[in-house]
Amino acid sequence: MPLSRIDEVFRALADPTRRAILRELRGGERTAGELARLFPVTKSTLSGHFAVLKAANLVWTEKRGTGVIYRLNTTVFQEVVADLLDLFGPAGKETDHEQKPG
């Protein structure tokens, strides 16, 4: 069964290396090589992290020559926050199953 968008985002955010990559991208776009120099993992492991981030749509990629540029996609975070607000509802609002008697 395919994961929902919010599940993909939470899966991506569950890993500390992926969170560190996203923090690094807050400062602006980076090449795959620049990111690889920052993390003590193999290229294949880093490639797997990039794949998870791309699947969650948390990063945008662009091919430039022989390299790949990564950029943070902040709109996904806005969508996830909206989904979470829809899931839990506004603070102080009672749902049907939480109504007080009487």
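**A salt-bridge network and the largest pocket**

In this predicted model, arginine 64 is partly exposed, with a relative accessible area of 40%. Glutamate 29 is likewise classed as partly exposed, at 34%, and the two side chains form a salt bridge whose closest N and O atoms are 3.1 Å apart. Because glutamate 29 belongs to the loop between H2 and strand E1 (30-31) while arginine 64 belongs to strand E2 (residues 59-64), this pair ties together parts that are 35 residues apart in sequence.

Glutamate 29 also forms a salt bridge with arginine 71, with a closest N and O separation of 3.7 Å. Arginine 71 lies in strand E3 (residues 67-72), so the contact with the loop residue ties together parts that are 42 residues apart in sequence. A further salt bridge, at 2.9 Å from N to O, is made between glutamate 62 and arginine 71. Through shared partners, Glu29, Glu62, Arg64 and Arg71 are joined into one network. The whole structure contains 7 salt bridges.

In helix H2 (residues 16-25), the buried residues are Arg18, Ala20, Ile21, Leu22 and Leu25. At the start of H2, the backbone nitrogen of threonine 17 has a side-chain oxygen of aspartate 15 within 2.8 Å.

The largest pocket encloses about 160 Å³ of space. Its lining includes Ala32, Lys43, Phe50 and Tyr70, and the elements giving two or more residues to this lining are helix H3 (32-38) and helix H4 (43-55). H4 gives the most, with 6 residues. By residue class, the lining comprises 6 nonpolar, 2 polar and 2 charged residues.

Definitions and conventions. Residues numbered from 1 in each chain as written. Predicted model: local features only at pLDDT ≥ 70, side-chain atom pairs only at ≥ 80, totals over all residues. Heavy atoms only, no water. 1 Å grid on protein atoms, 1.4 Å probe; cavity = no way out; pocket = protein on both sides within 12 Å on 5 of 7 lines; lining within 4 Å. Points joined across faces, edges and corners; volume = space filled by probe spheres on them. Helix = DSSP H or I, 4+ residues; strand = E, 2+ residues; numbered from the N terminus. Nonpolar A, V, L, I, M, F, W, Y, C, P; charged D, E, K, R; others polar. Buried < 20%, exposed > 50% of the residue type's maximum accessible area, 1.4 Å probe, protein only. Polar contact = N/O pair within 3.5 Å; in protein donor to acceptor, adjacent residues only side chain to side chain. Salt bridge = Lys/Arg side-chain N within 4 Å of Asp/Glu carboxyl O.
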